[in-house]
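Student: I've just pulled this one up and I'm new to it. Could you walk me through it with some questions and answers?

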Amino acid sequence: VILAHAALTDARGRRFFAEERLARGAGDLGVVRGPATGQPFEVVCADWSARASNEGDGFLPMALRAGGQQFAFTLQLQAGKPLVPQGERGLSRKGDEPGNASIYYSMTRLPIGGELVVDGVPHAVRGQTWLDREWSTSALGADQVGWDWFSLQLDDGCELMWYQLRRRDGSVDPWSRGGLVERDGTLRPLGRGDVVAEPLGSWRAADGAASYPARW
């Protein structure tokens with residue numbers, strides 16, 4: 001099963017759009033074929049897709065296609081700043097328990113460009129992308145209820161990743177971690193005392209079930 005999300009923020013117009021798709025592999029003689037392949041790289045979720053533009057074992061450059069009723073995009077993602085293993089050589093620990101960790105890498109600055117359509121009006125766009133890949137079995141401990149994750153591309157050519165783990169009592173968990181990626185691609189690990197991230201407000205979902213920190 002593949003679940004895909006796409007979102008667009010119009011900062012100047014103070015508008016936000018979001019869409020999602022859900023797809024399941026097709027059965028064939030008792031064998032389930034997933035909607036993803038590794039060589040060549042291709043992920044298809046309903047009418048959305050991410051496909052490597054060149055044949056082979058790499059996934060860059062990559063063509064991205066997604067959208068919905070109010071917005072759509074067709075973009076080309078290029079190779080850029082090299083891959084950075086986060087944490088301890090790619091092992092990102094979230095607590096004392098052995099299983100509370102993930103394998104995690106980032107590609108923090110990849111050129112991207114193409115066409116973005118909003119309310120039927122096409123726009124030529126280009127910019128810089130942050131690509132993350134993280135997988136795990138169990139990420140949080142019993143006293144941890146979630147985390148807030150930041151990815152910042154700074155004007156000096158560096159990038160900052162920070163995840164702040166939240167405990168049930170509202171405090172910041174000491175296992176909060178991050179990293180500063182230097183201009184040459186080297187990683188400077190960051191621990192709990194290196195970053196202060198304070199929420200200045202909150203946002204509550206329409207159903208009122210939960211409140212989330214906002215405005216940092």
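## Salt bridges and the chain around them

Tutor: Happy to, and keep in mind that this is a predicted model. Let's start at one lysine: with a relative accessibility of 10%, K81 counts as buried.

Student: Which side chain does K81 meet in a salt bridge?

Tutor: K81 sits in the loop between β9 (71-77) and β10 (84-85), and its partner lies in strand β15 (residues 159-167), so the pair ties together parts 78 residues apart in sequence. The N to O distance is 2.8 Å, and the partner is E159.

Student: Is E159 buried or exposed?

Tutor: Buried means under 20% relative accessible area. E159 comes in at 0% relative accessibility, so it counts as buried.

Student: How about K94 and E134: which parts of the chain do they link?

Tutor: Their side chains meet in a salt bridge, 3.1 Å from N to O. The two residues are 40 apart, so to speak, in distant parts of the chain: K94 belongs to the loop between β11 (91-93) and β12 (101-118), and E134 to strand β13 (residues 121-136).

Student: Does K94 count as buried or exposed, and what about E134?

Tutor: The cut-off for buried is under 20%, and for exposed over 50%, with partly exposed in between. K94 has 5% relative accessibility, so K94 counts as buried. E134 has 39%, so E134 counts as partly exposed.

Student: What is the distance between the closest N and O atoms of D173 and R167?

Tutor: D173 is buried, with a relative accessible area of 2%, while R167 counts as partly exposed at 24%. They form a salt bridge, and their closest N and O atoms are apart by 2.5 Å.

Student: Which residues are joined into one network by salt bridges that share partners?

Tutor: The structure holds twelve salt bridges. Some of them share partners, and the network they make joins D10, R15 and D119.

Student: Now the surface: which residues make the nonpolar patch?

Tutor: The patch covers about 340 Å². One of its members, L3, is placed in strand β1 (residues 2-10). The full set is V1, L3 and L22.

Student: And stepping back, how many strands does the protein chain have?

Tutor: The chain has 216 residues, and buried ones make up 32% of them. Its C-alpha atoms fill a box of roughly 45 × 45 × 40 Å along the principal axes. Helices number zero, and the strand count is 19.

How values were computed
Residues are numbered from 1 along each chain as its sequence is written. This is a predicted model: local features need pLDDT of at least 70, side-chain atom pairs count only at pLDDT 80 or more; totals for chains, interfaces and linings use all residues. Side-chain values use heavy atoms; hydrogens and water are left out. Patches are made of residues with over 30% relative accessible area and no salt bridge: like charges are joined within 9 Å, nonpolar side chains (Val, Leu, Ile, Met, Phe, Trp, Tyr) within 5 Å. Accessible areas come from the Shrake-Rupley method with a 1.4 Å probe; for residues, only the protein chains shown count as cover. A salt bridge is a side-chain nitrogen of Lys or Arg within 4 Å of a carboxyl oxygen of Asp or Glu. Helices (H or I, at least four residues) and strands (E, at least two) are DSSP runs, numbered from the N terminus. Buried means under 20% relative accessible area, exposed over 50%, partly exposed in between (1.4 Å probe, protein chains only).
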